[in-house]
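Hello,

Here is the structure I promised to pass on. Please open it first, then read my notes below.

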Amino acid sequence: MPDVPPAPLVTPFPGERYTATEDLGNLLAPPYDVISQERRRQLTKRAGHNIVCLTLPEGDDERYQQASDLLSRWREDKVLRRDAADSVYVVQQEFSTPDGRTHTRTGVIGALAVEPYSHGRVKPHEKTHAEPKADRLALLRSTKAMFEGLLMLARDEGGSLRRYLEGVVSEDPSARAELDGEAIGLWQVTGKRAQDIADAAGAHELYVADGHHRYETAIAYREENPSADRTLGLVVSLGDPGLIVLPTHRLIYGAAMNGEEMVEDLRERFQIHELPAEVNYSDHLAELDNRGTACIVVLPEGNAVALLLKPGAKLGDLPFANQPAVASLGIARIDELVVKRFVAEAGKDARLAYSADSDHVIDEVTRGEAVAGVLLNATSVEQVLAVSDAEAVMPQKATYFMPKVPSGLVILSFEP
């Protein structure tokens, strides 16, 4: 028998959307896993039909059935309506990074093929955990719908995807919204133009930037329901000027320690110098990045020290030494050589937390809430892709792709 060609990686689909497009900003939400209870309360107070009611239902085991029942009511009440035509949905997000600069990222939401990573067309870079996947699988089983899009990266070497999207966003959008200071535009595209965009988005392998747990949940669900062979993906070209990766800094909580002694113990591998209070830590880290692996350790005494890995420092004893793509990552080296030592020194109740906001890290340490903070440079997109291509795994919380994909722009339903 001849080989059956693989299904298209990205296809148009009839998305389900809010009918109240003029109120879309009050109906959207960040991804479920970054929403606190207080944030959820704020979102539902803004609008009773906010998508968070479906992505993050409250209660015990019955909450999944409650989400399904609520989804049915919204459909009956015409809160949601499925588009008549197969479509792709171009999304443009204008946002500001912590340094105050404004950026614009453009991508396209399509129906992404759900298949094992072993096929080589969808490439991960993270190790996932069972608990969040079990939660998302229970919600998917109950609602038979995908509410949140993964962030996917396309090499787009010929630039065709980017050119198509530039043409779309030159026109008036189907809807506009604002979420947490971010301006969002949405364009529905149908017909041959939609197919051309989908073909360009899925012309080559795609890389999961954000949403590993949700993609693996979709794989598990497809094993139960073979017709659920697609999930939502926002595909962004690597050539997009608004593709931004922020560093995820480390916060260590636990027992007080002598931070200065801890730093001294690192002199074998690092050049170390104290930083005056007036130094801009982000700018200083950027300067050090040109010279090698670096970080800044913030201590409760109000001191901060910069660490720069010495040229020729021996790294052969690190657990990933035989994985070149991982071993080259500054975040992997700093986690192993610096962060783990501070966590171990912070006692049996030590806790490691993460933040993309360097000011938050500094404030937590200064106020004595955290016993130390470690500020980092960002991992580059090409480094992420290199790890994916090597079938290796990034350290936990190694990247923060900004902004997140808003939930509620489009729903992919598996109901007929």
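Helix α9 covers residues 281-289 and lies across β15, β16, β17 and β19. Its direction is about 150° to β16. Please keep in mind that this model is predicted.

A second helix, α11 (residues 330-345), lies across β14, β15, β16, β17, β18 and β19. It runs at about 175° to β19.

Now the sheet under discussion. It is open, has 6 strands, and pairs them in the antiparallel sense. Read across, the order is β15-β17-β16-β19-β14-β18. At the edges are β15 (270-274) and β18 (351-355), and each pairs on one side only. From one strand to the next, the twist averages 20°.

Take one pair to look at. Strands β16 (residues 294-298) and β19 (residues 372-376) are antiparallel and share 4 bridges. Find Val297, then look for its bridge partner in β19: that is Val374.

Next, the nonpolar residues. In soluble globular proteins, nonpolar side chains tend to be buried together. Here the largest nonpolar core has 121 residues. Which of them touch the most other members? They are Leu307, Val338 and Phe342. Helix α11 gives this core its largest share, 7 residues. Another core lies apart from it, with 17 residues. Tyr253, Tyr281, Leu285 and Ala353 are among them.

Finally, click on Phe342. Leaving out residues up to four places away in sequence, Phe342 touches Ile252, Met257, Met262, Val263, Leu266, Val297, Leu299 and Ala372. Val297 is the residue with the bridge partner Val374.

Best wishes

Technical notes
Residues numbered from 1 in each chain as written. Predicted model: local features only at pLDDT ≥ 70, side-chain atom pairs only at ≥ 80, totals over all residues. Heavy atoms only, no water. Pairing = 2+ DSSP bridges. Helix = DSSP H or I, 4+ residues; strand = E, 2+ residues; numbered from the N terminus. Axes fitted to C-alpha atoms, helices over the stretch in contact; angles between N-to-C directions. Contact = heavy atoms within 4.5 Å. Core = buried A, V, L, I, M, F, W, Y, C linked by side-chain atoms within 4.5 Å. Buried < 20%, exposed > 50% of the residue type's maximum accessible area, 1.4 Å probe, protein only.
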